[in-house]
Structure formats: C-alpha cells, structure tokens
Amino acid sequence: MRVLVVNVNTTAAMTEAIARQARAVAAPGTEIVGLTPSFGAPSVEGNFESYLAALAVMECVRAYPEPYDAVIQAGFGEHGREGLQELLTVPVVDITDAAASMAMLLGRSYSVITTLDRAVPLIEDRLKLSGLYDRCASVRASGLAVLDLESAPRLASEAIVAQARIAVETDRAEVLCLGCGGMAGLDAEVRAATGVPVVDGVSAAVALAESLVRLGLKTSKIRTYAPPLSKTLLRWPPT
C-alpha cells in the first residue's frame with residue numbers, strides 16, 4: 001500500500017517531519033511518500049495562504065507519476081479536501097477530520113491546540129463543515145507561528161502544553177487534538193502533562209487511510225464528490 005502525505009506548505013523540513021511521524025505509525029507494508037508543493041507559502045496561516053495551498057496540493061498530487069492507494073492532506077483547518085475528493089477515486093483523509101473523529105471515540109468532548117489565534121476560525125469552520133464541531137470544547141492558540149515549531153521546539157512545546165492544560169482544566173476537554181501537522185510527535189509530551197488522550201492528526205490520518213484501503217472503501221462519486229465536469233480550463237495545470 002502506498003499513501004501520499006502532502007504537506008500544505010513549501011517547507012521541505014516540515015514535510016520530512018510529517019512523513020517521519022507517518023512512517024512511525026504506519027503498518028508494515030505501507031509506503032509513506034511525503035510530498036511538498038512546488039508553489040505556495042512557507043507556512044499556511046490564514047485564508048489567502050490556505051486557498052493557495054489547496055491549489056498547490058491538488059497540483060502536487062495530480063503531478064505525482066506513480067500509482068498510490070490513498071492521500072492524506074497534512075494541514076489542520078485548511079481548504080481543498082473536497083477538491084481532492086472530486087479529482088481522485090482513492091480515499092482522501094484530512095488530518096483535521098481524522099483527529100476530531102478519533103478524539104470523539106475516546107471521550108465526550110475534545111479541544112484543539114493550534115498555533116496562531118488567526119488559525120482558530122479556520123479550524124472551527126473546517127470542523128463545522130465536516131460535522132465534527134458539536135463536541136468540540138474549544139480551539140486554543142499557543143501563540144506561536146507554524147515555523148516556530150521547528151526553529152524553537154522547546155518554546156513551542158511549553159506553549160502547547162500550557163494551553164492544553166487550560167483546555168482540560170477550564171474548558172473541560174476530555175481529549176486533546178494537536179492542531180498543526182508540524183506538531184506531529186508532541187502527543188506523548190502533552191499526554192504526560194495533562195493526563196488525557198492526545199490525538200496527533202497525522203497519525204490518526206494514517207490509521208484511517210490504511211483502514212479505508214484495507215476495507216476496499218473509496219469516496220462516493222454520487223453528487224457531492226462526483227468528478228469535475230469536463231471543461232477547458234484556462235492555464236490549468238499551472239506551468
């Protein structure tokens with residue numbers, strides 16, 4: 001089984017970290033291929049960059065030359081998952097949906113710990129669109145930029161743990177979700193600090209993608225995710 005794990009930003013080091021986490025939880029026989037878009041922003045922290053990333057991720061997957069069995073979109077709260085589902089017949093799993101879905105199997109309510117405050121509305125909207133928001137206790141920002149997760153890991157982990165504790169003690173969250181692909185690998189530290197289950201979206205997405213493939217399940221092509229209508233598109237794919 002081959003699973004494409006597509007970073008939403010253009011930072012290759014983050015792609016490598018995400019792919020490393022995916023490989024750590026993948027079952028024997030699953031090949032994880034990390035992909036970095038050829039255009040876009042070095043970090044995605046707002047609507048403009050998120051919509052740009054949606055195009056970049058679709059083009060990245062479209063241009064991949066080898067067969068694959070599933071695609072993981074490794075951006076928390078980002079746009080574009082529905083477009084991929086129209087374009088592809090294989091399962092498409094977004095780490096936001098994967099994390100929240102797993103969290104709801106583990107407790108009555110969950111909170112998401114993310115990066116900057118401006119990402120909070122995007123994540124809330126993504127969860128609402130996916131029908132996963134009703135049991136969300138809160139979405140909390142650590143106050144750190146996405147690239148701080150790599151450049152200042154100790155500061156980042158301390159800020160994430162601080163907000164995680166507030167989510168559990170004040171917001172009454174019973175499960176926590178790490179709200180950024182770049183947070184992959186921090187689940188054990190946050191779990192030790194809070195005493196509640198912590199779901200890493202990348203790990204959850206790998207598990208769900210593998211399960212869908214093994215069960216022979218694919219995205220429905222009736223109505224919502226039917227293939228795009230045949231049209232002549234101006235300057236697409238981009239050159």
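Helix axes are taken here as lines fitted to C-alpha atoms over the stretch in contact, with angles running from 0 to 180 degrees between N-to-C directions. The helices themselves are DSSP runs (H or I, at least four residues), numbered from the N terminus. The structure is a predicted model, in which local features need pLDDT of at least 70 and side-chain atom pairs count only at pLDDT 80 or more, while totals for chains, interfaces and linings use all residues. Residues are numbered from 1 along each chain as its sequence is written, and side-chain values use heavy atoms, without hydrogens or water.

An automatic or database domain assignment divides the protein into domain 1 (2–95 + 203–215) and domain 2 (96–199). Their C-alpha centres lie 19 Å apart, and 28 residues from domain 1 meet 25 residues from domain 2 in the contact (heavy atoms within 4.5 Å).

We turn next to the interior. The largest nonpolar core (buried Ala, Val, Leu, Ile, Met, Phe, Trp, Tyr and Cys residues joined through side-chain atoms within 4.5 Å; buried means under 20% relative accessible area with a 1.4 Å probe, protein chains only) has 55 residues, and Ile72 and Tyr110 have the most contacts inside it. Helix α7 (residues 153–169) supplies the largest share of this core, 6 residues. At least three residues come from each of domain 1 and domain 2. A separate core of 18 residues includes Val57, Cys60, Val71 and Leu88.

Helix α7 also packs against helix α8 (residues 187–194) at an angle of about 45°, with the axes 9 Å apart. The two helices are therefore oblique to each other (neither under 35 degrees, over 145, nor 65 to 115). Among the contacting residues are Ile160, Ala164 and Val168 of α7 and Val190 and Ala193 of α8.

Note on methods: Buried < 20%, exposed > 50% of the residue type's maximum accessible area, 1.4 Å probe, protein only.
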